[in-house]
Amino acid sequence: MTLPRIAELRVRAVDAPLDPPLRNSLNTIPRAPLVIVDLRTKDGAAGTAYVFPYTPAALGPTASLARSLGAGLVGKPLAPATLWREMHDAGRILGTEGLVQIALSALDMAMWDALAVTAGLKLCEMLGAEARPVPIYASLRGWGASMLAEEAGRAVATLGARWIKFKIGQKRLEDDLDTVRAVRAAVGEEVGILVDYNQALDLPEAERRGRALEAEGVRWLEEPLPVQDDAGLAELARRLALPVQGGENWWGPAAMQRALSMGAVDLCMPDAMKIGGVTGWQRAAAIAAAHRVPMSSHIFVEASVHLLNATPTAHLLEHLDVAGPLLAEPLRVKDGMALVPDRPGMGLVWDEAMLTKHAADV
């Protein structure tokens with residue numbers, strides 16, 4: 001296949017409400033500010049992707065970066081892996097973390113989507129993998145025992161989820177344990193329970209709570225310590241039998257390599273936006289495979305169902321759908337399994353009326 005050339009890049013921004021909002025021990029996220037990159041080749045093939053910079057304050061800067069960086073791609077062959085390396089090399093002095101990485105990932109994912117569409121293949125097929133259903137864990141949005149128990153029961157009933165994850169981090173350990181017990185009562189003994197502390201603890205408290213949660217049958221302890229504390233996480237992982245999970249806040253494959261080399265986590269879950277898009281994910285998947293670490297995903301369900309199919313140590317897909325209300329057809333889940341759309345590329349089809357309704361002028 002002769003690589004087509006990139007003819008046009010368009011960047012759009014939307015700021016839609018999250019219903020219900022995302023809650024954790026640190027804050028509430030009531031809205032989904034998304035930056036959307038639409039790419040068209042000279043042969044007429046179209047690709048699209050989105051990123052989620054979390055706060056409306058970051059929406060304008062992220063969109064501006066994507067426009068500026070994307071302008072340099074116009075006229076070049078649609079070769080995502082080559083352009084990923086060139087863009088990261090060009091940003092070496094500035095640095096390619098934070099919003100720069102988010103913008104680069106949006107461009108990379110849109111390029112891969114367009115390349116797969118050009119070939120008439122699903123993205124996972126473009127990556128050399130068969131399109132198979134992927135097991136999910138339902139990632140809950142609520143906070144507190146009663147809200148989470150109700151939401152967990154609904155996720156099991158409607159999605160067929162066999163794994164449930166939720167945020168904890170109350171001031172008292174006893175309240176965290178009450179939350180776990182309430183969710184367990186709602187979902188039964190056969191559903192795996194996963195918990196997330198959003199980096200809120202120090203090492204002694206993480207060990208204390210980890211041991212108590214292990215006794216409750218919890219199956220992973222996510223981000224108990226600050227993501228930069230690889231040494232502390234490695235020590236915690238050594239002390240606990242409960243697996244330590246992390247990775248959603250690694251900036252690029254190099255950060256993942258450092259963490260896994262130190263034994264900072266037992267399980268990993270890169271974020272497609274922060275790890276470097278499809279190209280960064282491929283590098284991350286190779287690192288996880290080399291260390292024999294099971295690899296799950298973090299949000300971005302539409303990309304993740306393809307990426308996990310091409311991941312040697314694939315574990316679970318986080319089902320937390322922030323873009324679904326803006327799509328003509330959100331990702332489908334049946335019997336606890338995410339289904340790959342029967343369309344080329346990632347299969348994203350935007351509901352243009354919803355994008356217009358929630359358009360942000362940035």
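Trainee: Is Tyr54 buried, exposed or partly exposed?
Mentor: In this predicted model, Tyr54 counts as partly exposed, because its relative accessibility is 26% and the partly exposed class runs from 20% to 50%.

Trainee: And where does Tyr54 sit?
Mentor: Tyr54 is placed in the loop between strand E3 (46-51) and helix H1 (56-71), and although Tyr54 is not a glycine, its phi is positive, at about 75°.

Trainee: What about Asp335, what is its phi?
Mentor: Asp335 also has a positive phi, of about 55°, without being a glycine. The loop that holds Asp335 runs between strand E11 (333-334) and strand E12 (337-338), and Asp335 counts as exposed because its relative accessible area is 61%, where the exposed class begins over 50%.

Trainee: Staying with the backbone, which residues does the cis peptide bond join?
Mentor: The cis bond joins Asp19 and Pro20, with omega at about 0°, and Pro20 belongs to strand E1, which covers residues 6-23.

Trainee: What comes in the segment before E1, say at Arg5?
Mentor: Arg5 lies in that segment and is partly exposed, with a relative accessible area of 41%. Leaving out residues up to four places away in sequence, Arg5 touches Thr41, Lys42, Gly75, Lys76, Pro77 and Leu78.

Trainee: How far apart are Arg5 and Lys42, in sequence and in space?
Mentor: They are separated by 37 residues in sequence, while their C-alpha atoms are 5.7 Å apart in space.

Trainee: Switching to the interior, how many residues does the largest nonpolar core have?
Mentor: The largest nonpolar core has 116 residues, and the ones with the most contacts inside it are Ile164, Phe166, Leu213, Trp250 and Met256. Helix H3 (residues 98-119) gives the most to this core, contributing 12 residues. Apart from this core there is another one, of seven residues, with Trp163, Trp220, Leu267 and Met269 among them. As general background, nonpolar side chains tend to be buried together in soluble globular proteins.

Trainee: You mentioned Met256; which residues is it in contact with?
Mentor: Setting aside neighbours within four places in sequence, Met256 is in contact with Trp250, Cys268, Pro270, Ile275, Ala284, Ile287, Ala288 and Met295.

Trainee: Which residues of helix H8 are buried, and what covers them?
Mentor: Helix H8 spans residues 230-239, and its buried residues are Asp230, Gly232, Leu233, Ala234, Leu236 and Ala237. Their cover includes helix H7 (203-215), strand E7 (220-222), strand E8 (244-246) and helix H9 (252-261).

Trainee: Zooming out, how many helices and strands does the protein have?
Mentor: There are 13 helices and 12 strands, and buried residues make up 57% of the 362 residues. Of the contacts between residues at least 6 apart in sequence, 68% join residues at least 24 apart.

Trainee: Why does the radius of gyration agree with a compact globule?
Mentor: A compact globule of 362 residues would have a radius of gyration near 21 Å, and the protein has 20 Å, so the two agree. Along its principal axes, the C-alpha trace spans about 60 × 40 × 40 Å.

Trainee: Last topic, the surface and the charges: what area does the protein expose, and how far apart are the mean charge positions?
Mentor: The protein exposes about 14,300 Å², of which carbon and sulfur atoms supply 52%. As for charges, the protein has 36 positive and 43 negative ones, and the mean positions of these two sets are 2 Å apart.

Notes
Residues numbered from 1 in each chain as written. Predicted model: local features only at pLDDT ≥ 70, side-chain atom pairs only at ≥ 80, totals over all residues. Heavy atoms only, no water. Core = buried A, V, L, I, M, F, W, Y, C linked by side-chain atoms within 4.5 Å. Buried < 20%, exposed > 50% of the residue type's maximum accessible area, 1.4 Å probe, protein only. Helix = DSSP H or I, 4+ residues; strand = E, 2+ residues; numbered from the N terminus. Contact = heavy atoms within 4.5 Å. Rg over C-alpha atoms; globule rule 2.2 N^0.38 Å. Areas by Shrake-Rupley, 256 points an atom, 1.4 Å probe, with all protein chains shown as cover. Lys, Arg positive; Asp, Glu negative; His and termini not counted. Charge placed at Lys NZ, Arg CZ, Asp CG, Glu CD.
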